[in-house]
Number of protein chains: 2
Amino acid sequence: MYIPVYKLKDMVQQDYERIMKRSEIETTDILPIVEKVINDVKTRGDEALVEYTKDFEDIVITKDMVQVTAQEIKDAYNKVDEETIQAIRTLADNVKKFHAAQLPRKMWSMEISPGLVAGQVLIPLDKVGCYVPGGRGWFPSAVMMSVLPAKVAGVSQVVVCTPSAPDGSVPAGTLIACDICGADAVYRIGGSQAIAAMAYGTQTIPKVDKIVGPGSKWVLAAFKLLYGEVEIGTHAGPGEGLIVADETADPEFAAADICIQAEHGLDSAGVLVTHIPELAYEAQKRIGRHIERLNDYRKNFVVESLRKYGAIILTDSLEESLAYANEYAVEHLEIMTKDPFHDMQKIKNAGGIYLGHYTPLSTGCFGSGPNHVLPTGRKATVSGGLKTLDFVKDVSFEYFSKEGLGNLKDAMVKLADYEGFPAHGNAILERFAKD
Amino acid sequence: MYIPVYKLKDMVQQDYERIMKRSEIETTDILPIVEKVINDVKTRGDEALVEYTKDFEDIVITKDMVQVTAQEIKDAYNKVDEETIQAIRTLADNVKKFHAAQLPRKMWSMEISPGLVAGQVLIPLDKVGCYVPGGRGWFPSAVMMSVLPAKVAGVSQVVVCTPSAPDGSVPAGTLIACDICGADAVYRIGGSQAIAAMAYGTQTIPKVDKIVGPGSKWVLAAFKLLYGEVEIGTHAGPGEGLIVADETADPEFAAADICIQAEHGLDSAGVLVTHIPELAYEAQKRIGRHIERLNDYRKNFVVESLRKYGAIILTDSLEESLAYANEYAVEHLEIMTKDPFHDMQKIKNAGGIYLGHYTPLSTGCFGSGPNHVLPTGRKATVSGGLKTLDFVKDVSFEYFSKEGLGNLKDAMVKLADYEGFPAHGNAILERFAKD
């Protein structure tokens, strides 16, 4: 058995808390190193980037190789099969459609009271940096999920930093995705040095207004140290999937889906919550088959993750399962029930929701439309995923006619007086001083 | 002369940088004290609140006095004149209208491709804590600006922490504003102990999902230390006002308006930018009159703030003035020109925009509609002000029919393979395994 079945009401506190808490990325030990990297990049720019790429990744580049050339991007199309290129095109198109729909009116205004018009205008950020990780996999999908929302929002310069492969090349799929999604520049720099470069700018890499994207603990450590220096998008921690299922769910699907997030690393989570005992035990039995199909590299992650953070939770009712899901506040929530759109209305906390029997959460990872950068570690209690609005500013404006200000001046000056701000009141009264 | 006139193109670098940089709130020296306060409140709850209220504010309260009673709120209405109460009602109504208009559709969905529906649902946060400062003034307006957006967003529990006056009472205007705006509870606790109480919860004060509101350096220090523990709204630093004006502007209005933000404290900023020399020098002459009208307490703030961060900047054209405003990225931007709605379109960076000759920025402070919690210290380059959307989560959802998944399965599995995530692909293929 790869995963235990717990009855929720009989669950011992220690298990309950372990499953609920999940893992955290620990960066304390590397903060001093990352601090040095940041300071070096800040003061020495490209030179430091070249050095750290050698030191950390054992890859030799020169300063004029920091930026990926147009020719390299063109050549990338010859290194990947046509089906993969077409897949990126199709899925990027879905993501673009969804994120365009997220964008509200560029401007609106209303008459608050006679002679007082107030409204709001959306202004895109000027420069955005997208970090696209390497390491355990190559991520054209991560390019889509950060570059497209920024471009759809109207950001004028969207740049990508990504580590190169051991041979110094940048993975072709990543470059193709950058090209298809409209990234304005790609730099072959990874880790904390990439984050520092985008935060402060170097001779080659521009200083950006905001940095988004997933990454290793090195990236997370850089985000922590740069808090307040540059705007940073929510950083997603280890992956999590939770499935709420009823008697209509296929245990085979549930078993397969528990493994999805668990293959990301050693600290991911996969949980099934159901009030149907047969489903719980059937799914438990079938997980092995899905794990056995994986290569050793991924198998190791799934086994280890499920051992630590995997569980099948048996509740007394669908109601209770949904309540548990709210308490868990998972990154990816599947609702595999008879009427998932109805049950979704009971959900208060989830990063992204996957409805019905044909929506395994992996669909969201690869470009069904919604973003795959979602809150982990119970952050779904307070925020949603990355979205187009994260790349714009909502700026309010207001206009008074003289009559409009006349209507409200007594109330405003009264409140200014009560709060003890005479210069605030005087500026209003000055408009009527010559009457 | 309270304020110098600088020609932008002749400005020495030192002055340019001083005006552009503005002040920062320094918290390093108090962090150890605040850390102790936070730990104490976390472990000992109300008891610690009572002790710190005695230690820091020299006010004696008991544990059962932490929450303001319904009777105290009722009595507050007898302590303030009817005009002030009516002013709070009128202005709160404006703020409520504007923030209701900020809220987009609660739910939307679209067909991304045949058989794939994706959408987004807005879910309000559950509990929000609003900090309302005391100290240099009483702030019914601060109640409106945090409680109303949270209530409009649908937050179920909105609580307020605010320090009491030396006699242990909470200012009547603050209580009346809490009542009018629909706050669910008010606690007479201020400073870092209030922030810690809302972050962790005590016997009396609930643990909240997010804390918003302005405050002293003690509050800011608590926000810094609690980063990652609780969601925190943008903290506004010292106030800033910048006025772009042309030949249609009245120098008397410009002079009065430069003083508005400067009266907030010793580190605020007031700047006029114009290409009209007569306006620059006329406004410069008239500032003295507006300062002389203030009481000594506020006069001291204005004189000191303008000495450090005040300036009249003379440019060569309106175009250049607007460009300077973008570079400055001010909290409050007034556009006092012939066609302010037109000129506003050139603005990329501003917290809030005040248009025309009858919209001194103080109107925004007291309830014209838009929020008065706005980004300071060049944060307007990356974010707007506090808004209704800050109290909701945008949660995405998606649904595939079997046919819908069939249409996209090859593209998704292709990308999963390329990225090296077999369990992601298997979960999709499993849906078609028995066909």
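Me: Which residue does Gly352(A) stand opposite in β14(B)?
Reply: In this predicted model, Gly352(A) stands opposite Ser396(B) in β14(B). The two strands concerned, β13 of chain A (residues 352–355) and β14 of chain B (residues 392–400), run parallel and are joined by four bridges.

Me: And what is the strand order of the open sheet?
Reply: The open sheet has nine strands with mixed pairing, in the order β1(A)-β11(A)-β10(A)-β9(A)-β12(A)-β13(A)-β14(B)-β3(B)-β2(B). Its edge strands are β1 (5–7) of chain A and β2 (107–113) of chain B, each of which pairs on one side only.

Me: How many degrees are neighbouring strands turned against each other?
Reply: On average, and with direction ignored, neighbouring strands of this sheet are turned by 20° against each other.

Me: At the chain B end, which way do β2(B) and β3 run, parallel or antiparallel?
Reply: β2(B) and strand β3 of chain B (residues 116–124) run antiparallel, with six bridges joining them, and within that pair Ser113(B) stands opposite Leu116(B). Helix α16 of chain B (residues 402–419) packs on the sheet, where it touches β2, β3 and β14 of chain B, and the direction of this helix makes about 55° with that of β2(B).

Me: Switching to the two copies, what rotation superposes chain A on chain B?
Reply: A rotation of 180°, with 0.0 Å of shift along its axis, superposes chain A on chain B with an RMSD of 0.1 Å, which is the relation of a two-fold axis. Within chain A, the C-alpha nearest the axis belongs to Pro104(A), at 3.8 Å from it. The same surface serves both copies, since 100% of the contact residues of chain A recur in chain B.

Me: How many residues does the contact take from each chain?
Reply: The contact takes 98 residues from chain A and 98 residues from chain B. On the side of chain A that touches chain B, helix α5 of chain A (residues 82–102) gives the most, with 11 residues. The residues of that side of chain A divide into 48 nonpolar, 29 polar and 21 charged.

Me: New topic: where does Glu51(A) lie, and why does it count as partly exposed?
Reply: Glu51(A) lies in helix α3 of chain A, which covers residues 46–57. Glu51(A) counts as partly exposed because it has 15 C-beta neighbours inside 10 Å, whereas being buried would take 20 or more and being exposed 12 or fewer.

Me: And how many Å apart are Glu51(A) and Val382(A)?
Reply: From C-alpha to C-alpha, Glu51(A) and Val382(A) are 40 Å apart in space, and they are 331 residues apart in sequence.

Conventions: Residues numbered from 1 in each chain as written. Chains lettered and ligands numbered in written order. Predicted model: local features only at pLDDT ≥ 70, side-chain atom pairs only at ≥ 80, totals over all residues. Least-squares fit on C-alpha atoms with pLDDT ≥ 70 in both. Contact = placed C-beta atoms within 7 Å. Nonpolar A, V, L, I, M, F, W, Y, C, P; charged D, E, K, R; others polar. Pairing = 2+ DSSP bridges. Axes fitted to C-alpha atoms, helices over the stretch in contact; angles between N-to-C directions.
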